[in-house]
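Me: Could you take a close look at one part of this model for me, the place where the first two domains meet, and carry on from there to the ligand? I'd like it as one connected walk-through.

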Amino acid sequence: MKYDVAIVGAGPGGYVAAIRMAQLGMNVALIEERDLGGVCLNRGCVPTKALYSATKLLERAESARSMGISFPVPDLDLSALAAWKDGVVSRLVNGVATLLKANKATVIQARGTIAARGRIDLSTGETVEAERIVIATGSSPVEIPGFGFHDPRVWSSDDALALPEVPERLVVIGGGVIGLEIATIYNRLESEVTVLEMMPEILPGIDIDRRAIATLKRALHAQGITIQTDTAATSLEETADGAVVHTKSGDAFYADRVLLAVGRRPNSAGVGLENVGAEPDRRGFVAVDENLQTSANGVYAIGDIVAGPMLAHRASNDALVLAEHLANGKHGGRDRVIPQAIFTDPEIASVGLSEKKAKEEGYDIIVGRFPYAALGKALGMNEPDGFFQVVAEADSQRLIGAQIIGAEASSLIAEASIAVQNNLPLEAIADSVHAHPTLPEGLKEAAEAALGRAIHAVNR
Ligand code: NAI
């Protein structure tokens, strides 16, 4: 069978590309060796957020005491929790299957390898022919010397999210996004969690305001999570008292399990890119032009295998941009601003430039901040930690960045994303009436603060 497009990989890049391309009239084959939805739906974003919200109940039950409500000690049924989380995942995966079918995209369960331009060999022995090929194979967790996922002591994020047990002592290697999100979940499940980060600060790869990092570190500490920065894990030793993680500085940390979360690498090897002359670079990324075409004519790449933020919504945006390009010859859209949301407690979300980055890039800026503690809604939720921050160009007052740390930050960033994406000035937020009492009022007040006219904070 010959298709207009064959897509390899059905994560949030590949399946979104398949649906949109089919909507635009293309005859699409989507080739996936495992589950529809990829890492994000099955072993990443979705199960993490399910476990994040479920375990937040444990934390809420505890903090309710200060509101005069006491619960008996919660009774945790780990396998029931895992089953509920798996149910959330399968609902979404089934939903994706239904959407692909409704849009008449063909799903092929097999491993696909590019054999030549226009031809993909399948692990089933069959061959798919297509005008165009899209590679959307995502990324996998990396190992470091001394720690391998074959060792039962060492968990990848996949292992941790399967929820096999609650280890008494969990050592997390890597204070990046995955390390901190999973540390938060297991700490709530009552593991004793220690995070080792080799850089001087947690979340070193992300453009986040240092005040937000300071707020997060205070909160993690208050929750009982130990953070050791400037601490590079070097080896793992088995002792009678469990495993010991050794560090470059000579420290030792006892662990019943070790979560290795030191980054992800593009899944670009073994895809057959070399068969069309589109070899990945040293780090595994595939070079593409502004329309996501690799150096091989008719072969495209989207999502984690292309350099840029390794985020599901970035992959989906790539997919939509590529679909419009292939169907209608449209250009552009890859430079859209990509928000990031980190599910720690409190949550952190950002879009555009931080204050520091904006200054480094030579912008003359104005900044406005507003604390959660001054929001009636936040206090009523018993969630007073955190702040909203907006960064705008001084002349035009155009919003160029926003950072939110606090309850629901992951949702609240959307309003700022619209403003940054569309070059809106601070007034667009400040002069829009926000319902009271709600959390989004914090962004309006931060915009007003930048303009020197906040109502519920002293203007400086
Ligand atoms: P990461 O790159 O965010 O963090 C890895 C951390 O490990 C770094 O801070 C690094 O300095 C540290 N590290 C490396 N070797 C070490 C050693 N030997 N000892 C101690 N620390 C060491 O990678 P992560 O967290 O694995 O995430 C991978 C990708 O997935 C990222 O691009 C991330 O943005 C994305 N992701 C995003 C999510 C979100 O936005 N909510 C959720 C999950 C993943």
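Reply: Here's a tour of that interface, followed by the ligand site and a few backbone details.

Keep in mind that this is a predicted model. The domain assignment splits the protein into three: domain 1 covers 2-141 + 265-328, domain 2 covers 154-262, and domain 3 covers 346-450. So domain 1 is made of two stretches of the chain, according to that assignment.

Now for the place you asked about. The C-alpha centres of domain 1 and domain 2 sit 27 Å apart. Where the two meet, 17 residues of domain 1 touch 13 residues of domain 2. Between them they bury about 1400 Å², and 69% of that is on carbon and sulfur atoms. There's a polar side to the interface too: 5 residue pairs are in polar contact between domain 1 and domain 2, counting pairs with both residues at pLDDT 80 or more.

Which elements make up the domain 1 side? Both α3 (45-63) and α4 (78-102) put at least two residues into the side that touches domain 2. The largest share comes from α3, with 9 residues. Sorted by class, that side of domain 1 has 9 nonpolar, 3 polar and 5 charged residues.

As for charge pairing, the rule picks out 2 salt bridges across the interface of domain 1 and domain 2. K49 and E181 form a salt bridge, with their closest N and O atoms 3.1 Å apart.

E181 is also your way into the ligand site. The ligand has 23 residues around it, and E181 is listed among the closest, along with I178, E197, G263 and A341. A polar side-chain atom of E181 comes to 2.9 Å from a ligand nitrogen, so E181 has a polar contact there under the 3.5 Å cut-off. The backbone joins in as well: a polar backbone atom of A233 is 3.0 Å from a nitrogen atom of the ligand, while one of G263 lies 2.9 Å from a ligand oxygen.

Further along the chain, there are some backbone details to check before you set anything up. D345 and P346 are joined by a cis peptide bond, omega about 5°, and P346 is in the loop between β18 (340-342) and β19 (347-352). The bond from H436 to P437 is cis too, with omega near -5°; P437 falls in the loop between α12 (426-430) and α13 (441-450). Lastly, N382 isn't a glycine, yet its phi is positive, near 60°, and N382 lies in the loop between α10 (376-380) and β21 (386-393).

Conventions: Residues are numbered from 1 along each chain as its sequence is written. This is a predicted model: local features need pLDDT of at least 70, side-chain atom pairs count only at pLDDT 80 or more; totals for chains, interfaces and linings use all residues. Side-chain values use heavy atoms; hydrogens and water are left out. Contact means heavy atoms within 4.5 Å. Buried area is the accessible area (1.4 Å probe) that two parts lose on being put together, summed over both. A salt bridge is a side-chain nitrogen of Lys or Arg within 4 Å of a carboxyl oxygen of Asp or Glu. A polar contact is a pair of N or O atoms within 3.5 Å; within protein, one must be able to donate a hydrogen and the other to accept it, and residues adjacent in sequence count only if both atoms are side-chain atoms. Helices (H or I, at least four residues) and strands (E, at least two) are DSSP runs, numbered from the N terminus. Ala, Val, Leu, Ile, Met, Phe, Trp, Tyr, Cys and Pro count as nonpolar, Asp, Glu, Lys and Arg as charged, and the others, Gly among them, as polar. A residue is near a molecule or strand if one of its heavy atoms lies within 4 Å of it.
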